[in-house]
Amino acid sequence: MGKNAKTADRERFSTAARLKVLGEQTAARVYRSQTKRQARRSRLTGRAALLALVMCSLIVALAYPMRQYVSQRADISDQKRRAADAQKEVEQLRDEKARLQDDAYIEKLAREHLHMQFPGETSFTVVDPGTVNKHREDKAATSRAWHYNLWDGVDNADRPAN
């Protein structure tokens, strides 16, 4: 046993034997890790592809209806705002209509805007001293006949003020 044991120990501790054992161990580890990776990859690849396909199809299927839903919600809120504005305007017009039923209010409007008065009353027009010295801005209007200025005024009456 002495000679065989020495030879076995020498072979066991020799560099070639150690390298051989290390190589086998490393190869075994690499092989195990590759098989685990391959098993994991093959198991998840099909599922991942199917999941990606399902997610893409859901996104494509739901994109247009969601866009329509959001657009319609915006339209609904815009219409609600318009309805509220119209309701306010209706209330203001009802108030104005009620005021126009009052004779005193009509008289006040006639005096203020139309410069009307009852027979026997004297009306006065007060001229602002600051505006007396102002020259007319439309120089061309002063050189034309009065009826052209009149028709220009009629034409411009319906246009909104800038």
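Asp 78 and Arg 82 both sit in helix α2, which spans residues 15–100. They are four residues apart, about one turn of the helix. A salt bridge joins Asp 78 to Arg 82, and their closest N and O atoms are 4.0 Å apart. This is a predicted model, and the account below starts from this pair and works outward.

How exposed is Asp 78? Its relative accessible area is 27%, so Asp 78 counts as partly exposed. Arg 82 is partly exposed too, with a relative accessible area of 48%. The pair also belongs to a wider group. Asp 78, Arg 81, Arg 82 and Asp 85 are linked in a network of salt bridges.

**The chain as a whole**

The protein chain has six helices and zero strands. Read from the N terminus, its elements run α-α-α-α-α-α. The chain holds 162 residues, and 2% of them count as buried. Its accessible surface comes to about 15500 Å². Carbon and sulfur atoms account for 59% of that surface.

**Salt bridges along the helices**

How many salt bridges does the whole structure hold? A search finds eight. Three of the pairs are set out here.

| Pair | Closest N to O distance |
|---|---|
| Asp 78 and Arg 82 | 4.0 Å |
| Arg 94 and Glu 91 | 3.4 Å |
| Glu 107 and Arg 111 | 3.4 Å |

Take Arg 94 and Glu 91. They form a salt bridge. Both lie in helix α2, three residues apart, so about one helical turn separates them. Arg 94 is exposed, with a relative accessible area of 53%. Glu 91 is partly exposed, at 36% relative accessible area.

Next come Glu 107 and Arg 111. Their side chains meet in a salt bridge. In which helix do Glu 107 and Arg 111 lie? The pair lies in helix α3, residues 103–113. Glu 107 and Arg 111 are four residues apart there, so about one helical turn lies between them. Glu 107 is partly exposed, with a relative accessible area of 34%. Arg 111 also counts as partly exposed, at 32% relative accessibility.

**A nonpolar patch on the surface**

Which residues form the nonpolar patch on the surface? They are Leu 50, Leu 51, Leu 53, Val 54, Met 55, Leu 58, Leu 62, Met 66, Tyr 69 and Val 70. Together they have about 1000 Å² of accessible area.

Leu 58 serves as an example from this patch. Its place is in helix α2. At 44% relative accessibility, Leu 58 counts as partly exposed. A patch member must have over 30% relative accessible area, so the 44% of Leu 58 meets that cut-off.

**A loop residue with positive phi**

Where is His 115 found? His 115 is in the loop between α3 and α4, the latter being residues 129–132. The phi of His 115 is near 55°, a positive value in a residue other than glycine. Most residues other than glycine have a negative phi. Is His 115 buried or exposed? His 115 is exposed, with a relative accessible area of 60%.

**In brief**

The chain comes to six helices and zero strands, and 2% of its 162 residues count as buried. Helix α2 holds the pair Asp 78 and Arg 82, the pair Arg 94 and Glu 91, and Leu 58. Helix α3 holds Glu 107 and Arg 111.

Terms used
Residues are numbered from 1 along each chain as its sequence is written. This is a predicted model: local features need pLDDT of at least 70, side-chain atom pairs count only at pLDDT 80 or more; totals for chains, interfaces and linings use all residues. Side-chain values use heavy atoms; hydrogens and water are left out. Helices (H or I, at least four residues) and strands (E, at least two) are DSSP runs, numbered from the N terminus. Buried means under 20% relative accessible area, exposed over 50%, partly exposed in between (1.4 Å probe, protein chains only). Accessible areas come from the Shrake-Rupley method with a 1.4 Å probe; for residues, only the protein chains shown count as cover. Patches are made of residues with over 30% relative accessible area and no salt bridge: like charges are joined within 9 Å, nonpolar side chains (Val, Leu, Ile, Met, Phe, Trp, Tyr) within 5 Å.
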